[in-house]
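Biologist: I have a model open on my screen and would like to learn how to read it. Could you take me through it feature by feature?

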Amino acid sequence: HTIQIHATETPMKIRIHGDYHLGQVLFTGKDFMMIDFEGEPARALSEWKIKRSVLRDLAGMIRSFHYAAYGALFLNTSILPNDIKRLEPWADRWYYCISGVFLHSYLQILGDTNLVPKERGEFAILLQVFLLDKAIYELGYELNNRPPSVSIPLRGIKYILANFKSNK
């Protein structure tokens, strides 16, 4: 199957964080601060100046929530294998809820800018593309650096592809 996007507008690109995830956000006690703006570790330094869609950073944070939920469940050796099936629906709910709250807040702060497509269908498809891109990058990273963690991006890819099918 091919996905065709007929964009009615082209969202503006800006310089983004490039490696936006929970590990790059610090709570000061009153506010949140982003740190470490050099982008993905595997990408060249020359890519810093390239302007990109904010959806890339948005997808990075949503994937980070996925890692937080399922890493805590599947990589925690204190959780018994029999308990994983019982806890998995709670990880699903947490991931779904926290991602939804973050996405809603992010879009609310963006307001009426031209940084994301205004048309909901276009936005949903583009976000899924960026989520899939990020999950595939994570899969390569885990295969090369942390093979026991490979189930997390694989689970994410499966979830994203299932959403692609349901959005058709």
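Modeller: We'll go through empty spaces, a helix, some aromatic rings and a loop residue.

Modeller: Before that, some ground rules: this is a predicted model, where local features need pLDDT of at least 70, side-chain atom pairs count only at pLDDT 80 or more, and totals for chains, interfaces and linings use all residues. Residues are numbered from 1 along each chain as its sequence is written, and side-chain values use heavy atoms, with hydrogens and water left out.

Biologist: How do I read empty space, and how much of it lies in the largest pocket?

Modeller: The general idea is that rolling a probe the size of a water molecule over the atoms shows where empty space is left. On a 1 Å grid over the protein atoms alone, a cavity is a set of points where a 1.4 Å probe fits but cannot get out; a pocket is an open set with protein on both sides within 12 Å along at least five of seven lines; and lining residues have an atom within 4 Å of a point. Points are joined across faces, edges and corners, and a volume is the space filled by probe spheres set on them. Here the largest pocket holds about 610 Å³. Its lining has 20 residues, and those closest to the centre are L103, F123, A124, L127 and Q128. Helices α2 (81-110), α3 (120-145) and α4 (151-167) each give two or more residues to that lining; helices (H or I, at least four residues) and strands (E, at least two) are DSSP runs numbered from the N terminus.

Biologist: What classes of residue line that pocket?

Modeller: There are 13 nonpolar, 5 polar and 2 charged residues. Ala, Val, Leu, Ile, Met, Phe, Trp, Tyr, Cys and Pro count as nonpolar, Asp, Glu, Lys and Arg as charged, and the others, Gly among them, as polar.

Biologist: And how many cavities of 30 Å³ or more are there?

Modeller: Just 1 reaches that cut-off, and the largest cavity has about 110 Å³ of space. Among its lining residues are Y20, R43, R56, D57, D133 and K134. Helix α1 (54-74) gives the largest share of this lining, 4 residues. By class, the cavity lining has 3 nonpolar, 2 polar and 7 charged residues.

Biologist: How does the length of α3 check out?

Modeller: The expected span is 1.5 Å times one less than the number of residues. For the 26 residues of α3 that gives 38 Å, and the end C-alpha atoms are 37 Å apart, which agrees.

Biologist: What about aromatic rings?

Modeller: A pair of aromatic rings is described by the distance of the centres and the angle of the planes. Rings of Phe, Tyr and Trp (its six-membered ring) pair if their centres lie within 6.5 Å; planes under 30 degrees apart are stacked, over 60 edge-to-face, and the rest tilted. The whole structure has 8 aromatic pairs. One of them, Y20 with F102, is tilted, at 6.5 Å centre to centre and 45° between the planes. Y20 lies in the segment before β1 (25-27) and F102 in α2, so this pair ties together parts 82 residues apart in sequence.

Biologist: Is Y20 buried or exposed?

Modeller: Y20 is buried, at 12% relative accessibility (buried is under 20% relative accessible area, exposed over 50%, partly exposed in between, with a 1.4 Å probe and protein chains only). By contrast, K30 is exposed at 81%, and K30 sits in the loop between β1 and β2 (32-34).
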